[in-house]
Amino acid sequence: MSENKPRMRETRLVMISPASNVTPDLLVRTAHALGRELSAKETCYGCLLEGDPATVAEARDELRKLDPHGIYSKRRAYPAGDPRRCRAQHGTRPGYAQLESEWKLLANLQNAMDAIDLGEKAPPEPQKKILPVREFKEIYEVNL
Amino acid sequence: MKKIFIDPPNSMILFDIVERLGHEPLSTMAALQERVDNLEIDMPPMNVTLDDVISGLKYAGIEVPSGIRGRLATWGPHIDEADAAIVMAEAPYSFGCVGCERSNEMVKYLLRRRGIPVLWVEYPGDKEAAMRMLEKTKEFLGGLE
Amino acid sequence: MIKIAQLSCGTEYSSVQSEIEKAAFSVGGKMVYPDVGADDIDAAVKEFGFNPRSPQLKLMIARAVQLAKGVYDADAVFIATCFRCAEAALVRNELRRYIQEHTKLPVVTYSFTERMKSAQLLTRMEALVTIVSRKELLARERQTGLTAGLDSGSSTTKALVMKDNKIIGKAWMPSYDVVESATTVLNQALEQAGYKLKDLEAIGTTGYGRFTLGRHFDAKLVQEELTVNSKGAVWLADRQKGEATILDIGGMDNKAITVRDGVPDNFTMGGVCAGASGRFLEMTANRLKIDVTELGKLAEKGDWRNAKMNSYCSIFGIQDLVTSLGEGKAFEDVAAAACHSVAEQVYEQQLQEIDIRRPIIQVGGTSLISGLVKEVGSVLGEMPIVPPDSQYIGAVGGALLSSGFLM
């Protein structure tokens with residue numbers, strides 16, 4: 001690795017909430033428009049960014065500006081297109097089901113962030129009710 | 001900026017929230033990247049080696065299945081190094097590296113045993129629950145400074 | 001490439017995944033993972049009816065359901081989980097059963113430790129690939145022409161010559177140098193048959209030394225012992241059609257194979273240690289200062305209940321044996337206890353991983369130890385069939401299958 005090249009790579013998975021209007025295509029165009037040494041690859045849920053950690057963090061912040069509460073991200077261990085984790089090689093990996101599940105949750109999170117920004121307060125947690133024995137007794141006496 | 005262990009350790013949501021709030025999430029992805037990028041090891045797909053599994057003996061004895069020791073060897077150093085942790089209970093998703101329930105229980109126990117501040121949040125089922133979770137997380141991380 | 005669907009938990013974190021893939025690749029197979037979406041998982045677990053706590057086991061179930069429904073196409077199935085994990089052991093066995101009930105795919109199960117290497121899986125993977133890729137050859141029920149089979153086992157080497165579906169020469173000896181042992185027994189078998197090496201139209205090799213022998217004798221067939229022995233066993237027992245379980249308590253490892261029309265669809269191979277193998281009986285015979293061939297008859301006269309022995313580990317087993325002898329127990333009872341202990345271990349370790357199908361055909365060198373066969377029968381509640389020449393299954397299978405290559 002040459003002196004000028006970054007010593008560390010960071011690969012980041014960017015995901016768009018189902019409640020957002022941003023498209024993967026827009027993410028990738030925005031990333032490319034930064035004009036930095038960064039690769040951006042469109043995926044079905046968003047995009048994959050790869051570059052040195054500082055550049056990737058900068059791109060993440062820029063992408064988030066497109067929809068601050070609708071765009072989420074995490075690091076990824078494997079470089080983009082790594083055959084060890086490529087779907088074409090083996091079919092889906094377990095982490096795929098996890099991502100799919102998390103993606104569905106993003107709309108809740110996005111709506112919550114929007115509400116907090118608007119100054120809404122979260123309602124208190126509903127208490128789990130326990131049926132008093134007398135009531136339960138009445139119910140089963142009626143039903144049995 | 002504090003180092004926050006997240007559990008499930010591969011959760012995108014926890015990773016993202018911790019980062020948004022200005023802290024460093026300690027995740028499986030980081031732990032695995034060190035291994036994946038090591039060109040001297042050829043144990044695809046994750047480069048978890050026999051030595052890793054053996055080093056897992058620090059956390060669990062030889063009678064414990066190898067998959068548990070390998071997992072603990074991967075996350076253990078992060079648990080040891082964390083300043084605090086956020087644990088999301090009852091997450092309906094937890095596949096891949098968090099596929100073993102015994103390992104997941106052990107991670108929670110190791111966090112408790114270390115005695116670092118741990119925030120226990122519930123998996124949010126709706127917007128209101130997500131708001132409560134976000135508020136709690138903000139308060140927790142703010143209190144660490 | 002033969003697609004072997006992998007249903008597993010813990011392989012990547014046990015540093016064995018690359019070993020699994022290496023083993024599959026070296027025999028012309030490829031590990032694949034049935035595609036599963038997040039929504040499929042809950043539905044599959046519900047349908048299967050067993051709800052494990054560990055998510056990866058749920059994923060295994062979902063993948064099995066994809067195979068059962070034919071949504072995902074594979075040629076064979078490999079089910080593997082961590083050794084000593086109770087939850088996974090339950091799921092592993094029930095999934096194996098489920099796959100067998102819902103598909104025609106050959107299945108093998110395995111529980112691994114972090115020290116598992118590809119070599120340990122090679123024979124199993126090769127068998128999976130053979131069952132898929134050599135279907136027509138395995139369907140062969142009659143031997144034709146003049147052929148020989150060589151079985152290079154860990155304890156003994158066997159050679160057998162067949163002509164027109166009849167055995168005309170056979171010989172065996174303890175294994176030493178792979179090629180020399182095989183040459184010796186093959187010459188003896190040929191002499192008995194009245195033929196010369198050059199007269200043979202084809203040779204089939206199997207057992208641990210099969211590759212070396214295959215090259216040396218320019219064999220037409222070089223094949224692992226799971227499929228070859230199955231064919232040999234059903235030919236010898238004249239059970240070519242229908243179902244059976246083949247039990248081979250070997251010198252180094254044990255095999256339990258279920259077959260349908262002579263073709264294996266599930267098998268286990270292994271043993272935690274020598275305690276549950278023929279080697280333990282050899283050690284017992286040595287300690288009793290008798291030949292292992294006499295052990296069976298001696299054991300038949302004894303009662304294992306009079307000399308408790310647990311050969312889970314051969315070292316502890318021998319300790320038990322020494323203790324029993326020290327207590328003045330009868331040799332007959334000690335011999336019976338050793339046989340019973342091996343039968344019990346095989347039952348506990350091998351036969352729990354398959355669904356036993358009747359009849360049980362016991363083969364291999366140890367099937368000549370009558371006391372062991374008796375104890376296997378008492379543990380299983382049914383006497384196994386021991387066909388004539390039962391120690392020659394591998395050689396018979398080799399001769400039979402290699403004749404399939406003749407024009």
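Two residues are said to be in contact if their C-beta atoms, placed from the backbone, lie within 7 Å. With that in mind, the predicted model can be read from the meeting of its chains: 29 residues of chain A are in contact with 29 residues of chain B. On the side of chain A that touches chain B, β4 (71-76) and α4 (94-117) each supply at least two residues. The biggest giver is α4(A), with 15 residues. Sorted by class, this side of chain A holds 15 nonpolar residues, together with 8 charged and 6 polar ones.

Chain A itself is built from 5 helices and 4 strands. Followed from the N terminus, its elements come in the order β-α-β-β-α-β-α-α-α. Of the 144 residues in chain A, 33% are buried. Among the contacts in chain A with a separation of 6 or more, 67% join residues 24 or more positions apart.

In chain B, helix α6 offers a friendly example of how a helix can be read. This helix covers residues 127-144, 18 residues in total. From its first C-alpha to its last, α6(B) reaches 26 Å, close to the 26 Å expected at 1.5 Å a residue. Its buried residues are Ala130(B), Met131(B), Met133(B), Leu134(B), Thr137(B) and Leu141(B). Seen down the axis of α6(B), these buried residues fall within an arc of 165°, so they line one face of the helix. The face turned away from the buried side of α6(B) carries the exposed residues Glu139(B), Gly142(B) and Gly143(B).

Note on methods
Residues are numbered from 1 along each chain as its sequence is written. Chains are lettered from A and ligands numbered from 1 in the order in which they are written. This is a predicted model: local features need pLDDT of at least 70, side-chain atom pairs count only at pLDDT 80 or more; totals for chains, interfaces and linings use all residues. Ala, Val, Leu, Ile, Met, Phe, Trp, Tyr, Cys and Pro count as nonpolar, Asp, Glu, Lys and Arg as charged, and the others, Gly among them, as polar. A residue is buried if 20 or more other C-beta atoms lie within 10 Å of its own, exposed if 12 or fewer, and partly exposed in between; C-beta atoms are placed from the backbone. The expected span of a helix is 1.5 Å times one less than its number of residues. The arc is that of the directions from the helix axis to the C-beta atoms.
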